[in-house]
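Please look over the sequence and the model shown here before reading the notes beneath them. The notes are meant to be read with the structure open.

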Amino acid sequence: MRAFLEVARTGSFTVAARTLGWTQSAVSRQVASLESALGGGPLFDRLPRGVRLTEAGRTLVPYAETVADALHGAVRGLAALEELAGGRLRFGAFATADAALVPQALGAFRTLHPAVRIEREEGLTPGLLDRLAAGHLDLAVVSTTVRTPLEAYDLHHLLDEPLYVAVPAAHPLAGADGVRLAQFADAGWISGGDRPEGTLLDAALREGFRPRVAHVVAEWTAKQGYVAAGLGVTLAPGLAAASVRPDVVLLPVRDDEAPARAVYAATVRGRSVPPAAGAFLAVLGEEAARLIRTMA
């Protein structure tokens, strides 16, 4: 199409070849191939000096211009994706990551790449992984709390969160430097689910006791309200520690009692990561490193 349009514009195979940086024979072959593909009729009348469009050639010109413009637009669009001067980022994150890590990373990403359109979702790790596998997300920030098969994903480690027991400020252990989960074996627990499996309370199961779930509360701010009212205690990950209210105390759980929770950015194994998602992954790593320093 480029060769055809250039010959049509200049009226000469020789001049068109010079403009395109090709040989005259290459331009002739391109035009002959186009004529063959369109049924074999001539697009140009070959004159003693130069060429002239046939009726078929004049009919083709506007269509060729449309195709050429579309291809140029595609090249510009692809370049914008690579340069992050456009495109979109589709990601999801679990709630606690959305409280600290994700907004800080998102702010830094927007500063670097303001033209990228962002689509964000919040959810539980299993649901986010399902959305990722189905192609609705490019990246998901997930945790290892739940017992979800992860073989289909590439997991990019971001950080390991320490765990805390959140108690009312007036609790007898509120001044302790560290606690063992077994010390709360008889306590009522505020949990995101009515069963400890697949929640942070999995740590209690590993310690040999089954915690009694007194209230099911999903959101961290609401959990704090229940704890402050003396309705139970709850486990809090390190990412939530910065947003604790003054009438709640966080007691560090000893590492040998409750291993840290790992936080990952997940992508689908074997699937290309879009440029915007790759750039956001790098920013997430930088912000996670900064958060690790503040949690140390």
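The briefing below takes up one helix and then the salt bridges. The model is a predicted one, and the salt bridges in it come to a count of twelve.

**Helix H2 and its surroundings**

- Within helix H2, which spans residues 13-20, the buried residues are Phe13, Ala16, Ala17 and Leu20; they lie on the same side of H2, because the arc they cover around the axis is only 100 degrees.
- This spacing follows a general pattern, since an α-helix has 3.6 residues a turn, so that residues three or four places apart point the same way.
- The buried residues of H2 pack against two helices, H1 (2-10) and H3 (24-37), and also against two strands, S1 (44-46) and S2 (51-53).
- At the start of H2, the backbone nitrogen of Thr14 has a side-chain oxygen of Ser12 within 3.1 Å of it.
- After H2 comes Gly21, and the phi of Gly21 is positive, near 80 degrees.

**Salt bridge between Arg120 and Asp98**

- Arg120 and Asp98 form a salt bridge in which the closest N and O atoms are 2.4 Å apart.
- Arg120 belongs to strand S4 (residues 117-122), whereas Asp98 sits in the loop between strand S3 (88-93) and helix H5 (101-112), so the pair ties together parts that are 22 residues apart in sequence.
- Asp98 is buried, because its relative accessible area of 15% falls under the 20% cut-off, whereas Arg120 is partly exposed, with a relative accessible area of 43%.

**Salt bridge between Arg261 and Glu161**

- Arg261 and Glu161 also form a salt bridge, and here the closest N and O atoms are 2.8 Å apart.
- This pair links distant parts of the chain, with Arg261 in strand S12 (residues 261-268) and Glu161 in strand S6 (residues 153-161), 100 residues apart.
- Both partners are buried, Arg261 as well as Glu161.

**Salt bridge between Asp247 and Arg245, and a network**

- Asp247 forms a salt bridge with Arg245, and the closest N and O atoms of this pair are 2.6 Å apart.
- Asp247 is partly exposed, with a relative accessible area of 30%, and Arg245 is likewise partly exposed, with a relative accessible area of 33%.
- Elsewhere, Arg88, Arg117 and Glu119 are joined into one network by salt bridges that share partners.

Methods:
Residues numbered from 1 in each chain as written. Predicted model: local features only at pLDDT ≥ 70, side-chain atom pairs only at ≥ 80, totals over all residues. Heavy atoms only, no water. Buried < 20%, exposed > 50% of the residue type's maximum accessible area, 1.4 Å probe, protein only. Helix = DSSP H or I, 4+ residues; strand = E, 2+ residues; numbered from the N terminus. Arc of directions from axis to C-beta. Contact = heavy atoms within 4.5 Å. Polar contact = N/O pair within 3.5 Å; in protein donor to acceptor, adjacent residues only side chain to side chain. Salt bridge = Lys/Arg side-chain N within 4 Å of Asp/Glu carboxyl O.
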